[in-house]
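Trainee: I would like a close look at a single part of this model. Please take one helix, go through what it meets, and then move outward from there.

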Amino acid sequence: MNSQVAVMSSPRIKGIFLVLIAATFWGVSGTVAQYLFHQQGFSTNWLVVNRLVFSGFGLLFFSHTVGKQNIWAIWRNKQDIFRLVIFGVIGMFGVQYTYFAAIEQGNAATATVLQYLAPVIIVCYLSFRAKELPKIHEVIAIGLAIFGTFLLVTKGNIHSLSISTSAFTWGILSAFALAFYTLYPGSLLNKWGSLLTVGWGMMIGGIGFSLIHPPWKFQGHWSLTSFLAVVFVIIFGTLIAFFCFMESLKYIRASEASLLACVEPLSAAFLAVAWLQVSFGPAEWIGSFSIISTIFILSAVKR
């Protein structure tokens, strides 16, 4: 009995638990955002700008108070400033806006699964940059991604789309944005850490977008439920989720965390179907699992 307790309290179990919490919160926040868009009349512009500003401030505050980091030090190097601005405007704002726009135009389940095409896009880009053909397991992953996307957007009927063209376009753009978000800030992350880099990326993206759409320019219907939904998206779906994911990396490998994060599209899909009655038939489920399986293939062969 004591040995079982020791196993269950091991650091590895703690890491797995933390990353599952993070992925679930990310997935649920997408479905909550769909509720705000479709049933409460909120706009993508308002939710994105406020999520970026408040979450960015929260991460920087945590980095300063708990992490004991000098949050202004990153602004002393011109090269770091340039990369940080590019990351904030194109990477952080890009991935947030395209993802929420895909949800607003379609639904959280489809948007989240389409975003998970990013690893396949990264593989294609790295193969092109290295001027070599993808390896056999990468070709299989690409084929599964194409097949899964086809099922997801057509339900297996080549003559019709099960989602709108705009939802599909934003979903694909979200995958490309996530690929850029993943690849670009490597030097910043190595030098300054994830909390500081992501925190400033959110602040830059949010403040920059504020010039186009001010945070106080509101559209929608306020109620206790919608207020709690916004709080969930910002606090649980962003701050707590990100913190749990980063904490999990202290106990498990990054490759394991990435695989476990596949709970995100599944939680978004299940909740969207159960709560918001999103139509998700056998073709969509097969397509979703085909896309998600690409992550397992890419991670299992080459971590």
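Mentor: What follows starts with helix α4 and then turns to other salt bridges, a buried glutamate and a few loop and helix residues.

Keep in mind throughout that this is a predicted model. Helix α4 covers residues 78–105. One of its partners is helix α10, residues 194–210. The axes of these two helices come within 8 Å and cross at roughly 75°. That angle makes α4 roughly perpendicular to α10, because crossings of 65 to 115 degrees are put in that class.

Now look at the residues that make this contact. On the α4 side they are L84, V85, F87, G88, V89, M92, F93, Q96 and Y97. On the α10 side they are T197, V198, W200, G201, M202, I204, G205 and F209. Sorted by class, the residues of this contact come to 12 nonpolar, 5 polar and no charged.

A second partner of α4 is helix α5, which runs over residues 108–115. Here the axes are 7 Å apart, and the packing angle is about 140°. That makes α4 oblique to α5, because an angle has to be over 145 degrees to count as roughly antiparallel. From α4, the residues V95, Y99, A102 and I103 take part. They meet A108, A111, T112 and Q115 of α5. This contact has 6 nonpolar residues, 2 polar ones and no charged ones.

Charge does enter elsewhere on α4, through D80. The side chain of D80 forms a salt bridge with K191, and the closest N and O atoms are 2.8 Å apart. D80 lies in α4 and K191 lies in helix α9, residues 186–192, so the pair ties together parts that are 111 residues apart in sequence. The two partners differ in how much surface they show. D80 counts as buried, because its relative accessibility is 8% and the limit for buried is under 20%. K191 counts as partly exposed, at 48%.

How many salt bridges does the structure hold? There are 3, and the bridge between K191 and D80 has just been described. Another joins E247 and K250, with the closest N and O atoms 2.7 Å apart. In this pair, E247 is buried, with a relative accessible area of 17%. K250 is exposed, with a relative accessible area of 58%.

The remaining bridge to go through is between the side chains of E132 and K135, at 3.6 Å from N to O. E132 is partly exposed, at 43% relative accessible area. K135 is also partly exposed, at 38%.

K135 leads on to another glutamate, E138. The backbone nitrogen of K135 lies 2.8 Å from a polar atom of the side chain of E138. E138 itself is found in helix α7, residues 136–154. Is E138 buried or exposed? E138 counts as buried, because its relative accessibility is 10%. Leaving aside residues up to four places away in sequence, E138 touches V123, S127 and L298.

Next come two loop residues with a backbone angle to check. K68 sits in the loop between α3 (44–65) and α4, so this brings you back to the helix we began with. The phi angle of K68 is near 55°, a positive value in a residue other than glycine. K68 counts as exposed, at 68% relative accessibility. Q277 also has phi near 55°, again a positive value in a residue that is not glycine. Its place is the loop between α13 (263–276) and α14 (282–301). Q277 is exposed, with a relative accessible area of 61%.

One last residue gives a sense of distance. L126 is in helix α6, residues 118–129, and counts as partly exposed at 35% relative accessibility. Between L126 and L224 there are 47 Å in space, C-alpha to C-alpha, and the two are 98 residues apart in sequence.

To go back to the starting point, α4 meets α10 at roughly 75° and α5 at about 140°. Its residue D80 is linked to K191 by a salt bridge.

Conventions
Residues numbered from 1 in each chain as written. Predicted model: local features only at pLDDT ≥ 70, side-chain atom pairs only at ≥ 80, totals over all residues. Heavy atoms only, no water. Axes fitted to C-alpha atoms, helices over the stretch in contact; angles between N-to-C directions. Helix = DSSP H or I, 4+ residues; strand = E, 2+ residues; numbered from the N terminus. Parallel < 35°, antiparallel > 145°, perpendicular 65-115°, else oblique. Contact = heavy atoms within 4.5 Å. Nonpolar A, V, L, I, M, F, W, Y, C, P; charged D, E, K, R; others polar. Buried < 20%, exposed > 50% of the residue type's maximum accessible area, 1.4 Å probe, protein only. Polar contact = N/O pair within 3.5 Å; in protein donor to acceptor, adjacent residues only side chain to side chain. Salt bridge = Lys/Arg side-chain N within 4 Å of Asp/Glu carboxyl O.
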